[in-house]
Amino acid sequence: MAFDGVTIANIVSELKDKLIGNRVYKIAQPEKDELLLTIKGSCGQIRMLMSADASLPLLYLTQRNKTSPMTAPNFCMLLRKHLQNARITDITQPGLERVVRLELEHLNELGDLCKKYLIVELMGKHSNIIFCDDNNMVIDSIKHISGMISSVREVLPGREYFIPKTQDKAELLECSKDKVKAVVCAKSMPLFKAIYSGFTGISPCIAQELCFRAGVDSDKPSMALAEYELDSVVSELHMLAGDIKAGKFLPNVVYENKQPVEYAAMALTSYSQKNSRLFDTISELLEYYYAEKNTITRIRQRSVDLRKIVQTVLERNIKKYDLQMKQLEDTAKREKYKIYGELLNTYGYGAEPGAKSLQALNYYNNQIITIPLDPMLSAGENAKKYFDKYQKLKRTYEALITLTKETEEEIQHLSSISTSLDIALKEEDLVQIKEELIESGYIRRKGGTKREKVTSKPFHYLSSDGYHIYVGKNNYQNEDLTFKFAVGNDWWFHAKGIPGSHVVVRTNGEELPDRVFEEAGKLAAYYSQARGQEKVEIDYTQKKNVKKPNGSKPGFVVYYTNYSLVIDSNIEGLIQVEEDKKN
């Protein structure tokens, strides 16, 4: 996920292809550290987003506009004064540095042609957008960096601009094969680390990929490489440099469990190619990737309060259940006390006054047992004492059987809500979960607030054989899917013995191919608490065999006739219907 020099080389290649010769039409500053330039010309109209945000620096082309503040910040006003209608004449990247330099020509107040530079530095917490004149002097920057902040370089109006060399790294694009070999072997460290710490612009991800392509263990010490291994690594680095110079890039995103986990401007062959998606341009990739990541992050943030409520109540119920089970174990003595009482009534006449015990034949198993006695009480009184203990423990046992069942159902219900929160992908998916928590008494509905409108729908997949498969996102959807949507001969799937989604396959009265059962089983495994496991047991049966007990929690069902299969929870390759993605 590194915004490395290779990715930036791809961006520069795309910007050169589309923007050179075009003019800056509008300049906006939607955020404190962000610019949005509208470009017009042979490319039509397109926007260039550049962000110097310390946590997420970005630069890409987009068609989307962003709302700007009513009053433009000073830096934005300065750029409008100098660069409004300026023509982009060149876009460069020094070596593989994470720096993009835009050269622009414009007319000054006297009508003379002037040259200016807009420099975007994409260096994590050191990111900045700097405006310079043709003498490389800083006119202004989106972030002012004084000597109090950095002892390496000041970024202030009137200072000379330069790229600080804080690390002794080689420039891959300028290195001969011998130089590359020398850099790789310079320090004794894992090979992939020697690559990314030895060359400018190479991220750990790209370094790992190059090791994989070379067929060399990435963790092997660089100074311990055999000659043929070293030659293979050097060859891969040389080919990477050649592809960058030739503008050969392959923007792609890699997925794991349907979520984007990595991207690069080159093919990541170390991952399964079935789990990757290619993009026409690096801008499309970046816009898509960070939109997806932002969605996931936003959902997690929005669900934090709900998760905290569920987790707190769940932990409380688990502790309560453990205590109840311990008390239930203690009631196991009740039958022993009953037998003591019965045997004392039968053989108590043989007990001597003041005796502390009595040996008697247990006529239930024909064994001699020793019955403890209170020497201050008669045999009859001891018998009554044991019968009283028996009755007390019996009442406790009967009460605990009901209580433990209720607590166990509560734990199952809360665990299913927790799983629903893990499944939620959009903010509207949280609405029904919150409503369930309100109706279950875990959250109080604020006075005067109405029930929120439900727009979330079950996931909708299409099997390889063209059958429609539906997956509930929460308990309410599970219940509607099973008892309102599905018909008698539709097939119903659920992970065995753990919280998870109800999965329904519409049969249309037809007999399903085996592959459909496998794909539906994978979905039931993936959308359950067993997500990520390689072997998950799935129960499946026809919908007509699934029943809902009276008074049970939402989504809770029983079935007594079913089949089972064991399958993995990997759903890569399964097709999700696009209409449902948009809903």
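# A tour from helix α8 to the β20–β21 sheet

Select residues 304–330 to begin. This is helix α8, which has 27 residues and reaches 39 Å from its first C-alpha to its last, close to the 39 Å expected at 1.5 Å a residue. The model being viewed is a predicted one.

**Helix α8 and what covers it**

Within α8, show the side chains of Leu 306, Val 310, Val 313, Leu 314, Asn 317, Gln 324 and Leu 328; these are buried. Next add α10 and α11 (429–439), which are among the elements that cover the buried residues of α8.

Stay on helix α10, residues 379–423, and pick Lys 392, which is located in this helix. Is Lys 392 buried or exposed? Lys 392 is exposed, because its relative accessible area is 56%, and the cut-off for exposed is over 50%. Now draw a distance from Lys 392 to Thr 331: the C-alpha atoms are separated by 9.0 Å, although the two residues are 61 apart along the chain.

Then select Lys 389 together with Tyr 337. The charged end of Lys 389 sits over the ring of Tyr 337, at 5.1 Å from the ring centre.

**Helix α2 and its two sides**

Move to residues 74–83, helix α2, and color Phe 75, Cys 76, Leu 78, Leu 79, His 82 and Leu 83, the buried residues of this helix. They are on the same side of α2, because they cover an arc of only 160° around the axis. Turn to the other side of α2 to find Asn 74 and Lys 81, which are exposed.

What do the buried residues of α2 pack against? The partners are the strands β1 (23–31), β2 (34–41), β6 (99–107), β7 (113–121), β8 (128–133) and β9 (138–141). Before leaving the helix, select Asn 85, which follows α2 and has a positive phi, near 70°.

**Strands β1, β2 and β3**

Take β2 next. How many of its 8 residues are buried? The count is 6, and the strand is mostly covered.

Show the backbone of β1 beside that of β2. These strands run antiparallel and are joined by 6 bridges. The connection between β1 and β2 is a hairpin through 2 residues. To check the register, select Glu 31 and its bridge partner in β2, Glu 34.

On to strand β3, residues 44–51, which runs antiparallel to β2 and is joined to it by 8 bridges. β2 and β3 also form a hairpin, with 2 residues between them. Here the residues to select are Lys 40 and its bridge partner in β3, Gln 45.

Keep Lys 40 selected and add the side chain of Tyr 25. The charged end of Lys 40 sits over the ring of Tyr 25, 3.8 Å from the ring centre.

**Aromatic rings**

Now show the side chains of Phe, Tyr and Trp. How many aromatic pairs are found in the whole structure? A search of the whole structure gives 20. One of them is Tyr 289 with Tyr 290, an edge-to-face pair at 5.1 Å centre to centre, with 85° between the planes. Tyr 289 is buried, with a relative accessible area of 0%; Tyr 290 is buried as well, with a value of 12%.

Another pair to select is Tyr 470 with Phe 485, also edge-to-face, at 4.7 Å centre to centre and 65° between the planes. Tyr 470 belongs to strand β16 (residues 468–471) and Phe 485 to helix α12 (residues 475–485), so this pair ties together parts that are 15 residues apart in sequence. Of the two residues, Tyr 470 is buried, with a relative accessible area of 16%, whereas Phe 485 is partly exposed, with 28%.

For a group of rings, select Trp 491, Phe 493, Phe 517, Tyr 540 and Tyr 563, which form one aromatic cluster.

**The last stop: an open sheet**

Switch to a cartoon view and follow the order β20-β19-β17-β18-β16-β15-β21: these 7 strands form an open sheet with antiparallel pairing. Which strands stand at the edges? They are β20 (563–567) and β21 (575–576); each has a single partner strand, so one side of each is left without a neighbour in the sheet.

End at the β21 edge. Strand β15, residues 459–462, runs antiparallel to β21 and is joined to it by 2 bridges. Select Tyr 461 and Gln 576, its bridge partner in β21, to see one such position.

Key
Residues are numbered from 1 along each chain as its sequence is written. This is a predicted model: local features need pLDDT of at least 70, side-chain atom pairs count only at pLDDT 80 or more; totals for chains, interfaces and linings use all residues. Side-chain values use heavy atoms; hydrogens and water are left out. Rings of Phe, Tyr and Trp (its six-membered ring) pair if their centres lie within 6.5 Å; planes under 30 degrees apart count as stacked, over 60 as edge-to-face and the rest as tilted. Buried means under 20% relative accessible area, exposed over 50%, partly exposed in between (1.4 Å probe, protein chains only). Helices (H or I, at least four residues) and strands (E, at least two) are DSSP runs, numbered from the N terminus. A charge sits over a ring if NZ of Lys or CZ of Arg is within 6 Å of the ring centre and within 35 degrees of the ring normal. The expected span of a helix is 1.5 Å times one less than its number of residues. Contact means heavy atoms within 4.5 Å. The arc is that of the directions from the helix axis to the C-beta atoms. Two strands pair if DSSP finds at least two bridges between them.
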